[in-house]
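Here is a friendly walk through one model, for reading with the sequence and the 3D view side by side. Take a moment to turn the structure around before reading on.

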Amino acid sequence: MQTVWVLGDQLNRRLGPLREATPADTRVLLVESTAKLASARWHVQRAHLVLTAMRRFATELREEGFEVDHRRSASLPAGLAEHRARYRPARVVAMEPASYDGLLMLRRHGVEVTRSDQFLCHYGDFADWVASRRSVRMEDFYRHQRRRLGYLMDGDEPAGGRWNFDADNREPPPRDGRAWPLPLRTPLDGVDRAVLADLAALGENATWGAPPDGTWATSRAEALRRLEHAVTAVLPAFGPHEDAMLSTNWHLAHTLLSPYLNLGLLLPAEVCDAAEAAHRAGRVPIASAEGFIRQVIGWREYVWGRYWQWVPDHRSANELGAHRPLPPVFADPGVATEKRSEMHTEMHTEMRCLATVLRDVHDHGWTHHIQRLMVLGNLGLLAGVDPAELTRWMWTSFVDGAEWVMLPNVIGMATYADGGRMTTKPYAAGGAYIDRMSDYCGGCRFDRRRRTGDNACPFTTLYWDFLARHADRLRRNPRVAQQVRAADRLSDLPAVRERAAEVLAELDQGRL
Ligand code: SF4
């Protein structure tokens, strides 16, 4: 009898060695690691999602006839050792994990590791693709994936006559007060409550954030229901406003499927198949279908390939010498209060953009890519926050977080800490960008046009200060040289830099 060890982000019967396994030849091991839970202050919705999904998956496997050893242990290796001592399996086999440390751990403890099929492009194939080309931009990889996998292709040509409809998908938020498709919810049951009780027993400060409200599905059946809902009710409106940010709505027309993909509850091919079928049936416009499929087979798989290409060195990349501790408002963004039977959060910052995004993270463990990149990541970049600290915060605070997601996205993309390996320019922006893409600035006590004075927008002040601070390096980059020259020409640059020092001090003290 063999043991298949299923890790907490591989929860699918069709993945890895579990696909061919039968109850007659296989016992399944699942380990909840106390050390992992204690290793960070996780968002409670993230910890709840992973643990509950593991427990429900164990139940599904038992119902299928498998013997499942689902144990809580001091660590993953301890759980393996206890399992071996108890069952003496002929072999223990696992699919490649999604983390570098996890892979080393499995090898160190004599677990047979099979090739991951959780992504459409294995990272080994990604490395071959990188080695075979001069241009390895995400857009090149995306087209390679489209051709190879056949999504949205009419023969050799892209459906709709263009590879990329991004230019159509950058509309600012609509001001018409329209209704956005509501996320599905599943009432919490005894399994949810048992997990929450276990998390509560870890201590008051072991987790943070608002408790789960049933938004995040914790089983494959419920994740499939979310997929159906996403394709029929959400995706038709996704594209045009995918970069827009609203203070009054946390999800807009985003599908909210990323946590299920990252835990294995959904597989990338099935979500892309569903999106393409809806488009071919005339229910989803090409710009929305293309934008969604690009996120899944393009960006997501590109990030996965880059993670394995650069880990572990990427973890300590800090080319801009950013050593500021994570501002206190990230760790303690606000106080949750009950208001009109909904959970609301009074925030500890007067920056309305930051308050809104941190409130959404607190309440849901999720924000979309532009809020992550252009508010949270942008602030980290401009303020010189330690990129490893910001990476870790993102990884532990989002329901779809993982090291493989956050290292390329935060170290490479958001904070430019790898000096341009991942992206050709730093994604630095002042208040003007945030104002264009959101409704945040209107009600803010700061003025997004001002860079000096008490009511100057901190993003605008820090943007010019960032360009001045890194002028020697950035002047050599043709994609930002013009902005550096504009900073050089500012007559009030000394006053901007003085104000920036005040802003950074207030940020450090949690007074901004
Ligand atoms: Fe954010 Fe500045 Fe706009 Fe206020 S004015 S919401 S701080 S970008």
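## A strand covered on both faces

In strand 5 (residues 92–95), V92 and A94 point to one side and V93 and M95 to the other, and all four are buried, so both faces of the strand are covered. Keep in mind that this is a predicted model. The pattern fits a general rule: in a regular strand the side chains alternate between the two faces of the sheet.

Which strands pair with strand 5? Strand 1 (residues 2–5) pairs with strand 5 in the parallel sense over two bridges, and V93 is the bridge partner of V4. Strand 6 (residues 112–114) also pairs with strand 5 in the parallel sense, here over three bridges. In this pairing M95 stands opposite T114 of strand 6. Between strand 5 and strand 6 the chain passes through helix 4 (residues 100–108), making a right-handed β-α-β crossover.

## Around the ligand

Where does the ligand sit? The space that the ligand takes is the second largest cavity. Around the ligand are M351, R352, C353, G431, I434, Y440, C441, C444, F446, R448, C457 and P458. By type, this shell divides into nine nonpolar residues, one polar and two charged. Helix 13 (352–364) and helix 17 (431–437) each supply at least two residues of the shell.

## Backbone details in the loops

Now for some backbone angles to look up in the viewer. As a general background, most residues other than glycine have a negative phi, and most peptide bonds are trans. Two residues with a positive phi are set out here.

| Residue | Phi | Loop | Relative accessible area |
|---|---|---|---|
| R88 | near 50° | between helix 3 (76–87) and strand 5 | 68% |
| L256 | near 60° | between helix 8 (220–234) and helix 9 (258–263) | 9% |

Is R88 buried or exposed? With a relative accessible area of 68%, R88 counts as exposed because it lies over the 50% cut-off. L256, at 9%, counts as buried because this value is under 20%. Neither residue is a glycine: the positive phi belongs to an arginine in R88 and to a leucine in L256.

What kind of peptide bond joins V311 and P312? The bond is cis, with omega about 10°. P312 is found in the loop between helix 11 (286–310) and helix 12 (328–331).

Technical notes: Residues numbered from 1 in each chain as written. Predicted model: local features only at pLDDT ≥ 70, side-chain atom pairs only at ≥ 80, totals over all residues. Heavy atoms only, no water. Near = heavy atom within 4 Å. 1 Å grid on protein atoms, 1.4 Å probe; cavity = no way out; pocket = protein on both sides within 12 Å on 5 of 7 lines; lining within 4 Å. Sits in = over half its atoms within 2 Å of the grid points. Nonpolar A, V, L, I, M, F, W, Y, C, P; charged D, E, K, R; others polar. Buried < 20%, exposed > 50% of the residue type's maximum accessible area, 1.4 Å probe, protein only. Pairing = 2+ DSSP bridges. Right-handed = clockwise from strand over helix to strand, strands pointing away.
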